[in-house]
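Here is a quick walk through one protein model, written for someone who would rather be at the bench. Have the sequence and the 3D view open as you read.

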Amino acid sequence: QVQLVESGGGLVQAGGSLRLSCAASGRTFGDYAMAWFRQAPGKEREFVAGINWSGSNTYYGDSVKGRFTISRDNANNMVYLQIYSLKPEDTAVYFCAQDLRMYGLTVVIDPYEYDYWGQGTQVTVSS
């Protein structure tokens, strides 16, 4: 059974930074693309960033380009989301997710293409 556990969220002031982490277990981590999504109250789940199985390809949502960086450590089954220049509109629960495809070369933004999800970590940005 795959388990994804996020950490690193918290309350920060606008302009601050955070690094979110996601620890994975249960199947060969390096075989699958990973992604971060977020969901704010009353809004749909939004794709934030994704990285393919090898780390050679990344993709970002338009609202976070230039401020968020996704990375992965296949040796330690970890995926990270470094967030800079936080804005109040970044306030949301952040989820990591694992692609259902093995060795996907491209990053997909459709949440239905991800079959395992963590419980989420809350990020709150104060103005």
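## Salt bridges first

At 66% relative accessibility, D62 is over the 50% cut-off, so it counts as exposed. Keep in mind that this is a predicted model. The side chain of D62 meets that of K65 in a salt bridge, 3.1 Å from N to O. K65 itself is partly exposed, with a relative accessible area of 46%. Some salt bridges also share partners, and these join R38, E46, R67 and D90 into one network.

Side chains of opposite charge can pair when their charged atoms come close. The structure holds 6 salt bridges in total, and three of them are set out here.

| Salt bridge | Closest N to O distance |
|---|---|
| D115 and R27 | 2.9 Å |
| E46 and R38 | 2.8 Å |
| D62 and K65 | 3.1 Å |

What does the salt bridge between D115 and R27 tie together? D115 lies in strand β10 (residues 114-117) and R27 in the loop between β3 and β4, so the pair links parts that are 88 residues apart in sequence. Both ends count as partly exposed: D115 has a relative accessibility of 35%, and R27 has 23%.

The E46 and R38 pair has a split character. E46 is partly exposed at 30% relative accessibility, whereas R38 is buried, with a relative accessible area of 5%.

## The overall fold

Now step back to the whole chain. How many helices and strands does the protein have? The count is 0 helices and 11 strands, so read along the sequence you simply get β-β-β-β-β-β-β-β-β-β-β. The radius of gyration is 13 Å, close to the 14 Å that the globule rule gives for 127 residues, so the protein is as compact as a globular protein of that length. Along its principal axes, the C-alpha trace spans about 40 × 30 × 25 Å.

Contacts reach a fair way along the chain: among those with a separation of 6 or more, 60% are between residues 24 or more positions apart. Of the 127 residues, 44% are buried. The protein exposes about 6,300 Å², and carbon and sulfur atoms supply 49% of that area.

## What sits inside

In soluble globular proteins, nonpolar side chains tend to be buried together. Here the largest nonpolar core has 27 residues, and W36, V48, F68, I70, V79, L81 and Y94 have the most contacts inside it. At least two residues of this core come from each of β3, β4 (32-39), β5 (46-51), β7 (68-73), β8 (78-83), β9 (92-102) and β11 (121-126). β3 gives the most, with 4 residues.

V48 is a good residue to click on. Leaving out residues up to four places away in sequence, V48 touches W36, F37, R38, Y59, Y60, G61, V64, F68, L81 and Y94. Another core, of 7 residues, lies apart from the largest one, and F47, A97, V108 and Y114 are among its members.

## The strand at the start

Which residues of β1 are on its covered face? In this strand (residues 3-7), L4 and E6 are on the covered face, while Q3, V5 and S7 are on the uncovered one. β1 runs antiparallel to β3 (residues 18-25), and 5 bridges join the two strands. One of the residues on the covered face, E6, has C22 of β3 as its bridge partner.

Methods
Residues are numbered from 1 along each chain as its sequence is written. This is a predicted model: local features need pLDDT of at least 70, side-chain atom pairs count only at pLDDT 80 or more; totals for chains, interfaces and linings use all residues. Side-chain values use heavy atoms; hydrogens and water are left out. Buried means under 20% relative accessible area, exposed over 50%, partly exposed in between (1.4 Å probe, protein chains only). Two strands pair if DSSP finds at least two bridges between them. A nonpolar core is a set of buried Ala, Val, Leu, Ile, Met, Phe, Trp, Tyr and Cys residues joined through side-chain atoms within 4.5 Å. Contact means heavy atoms within 4.5 Å. A salt bridge is a side-chain nitrogen of Lys or Arg within 4 Å of a carboxyl oxygen of Asp or Glu. The radius of gyration is taken over C-alpha atoms; the globule rule is 2.2 Å times the number of residues to the power 0.38. Accessible areas come from the Shrake-Rupley method with a 1.4 Å probe; for residues, only the protein chains shown count as cover.
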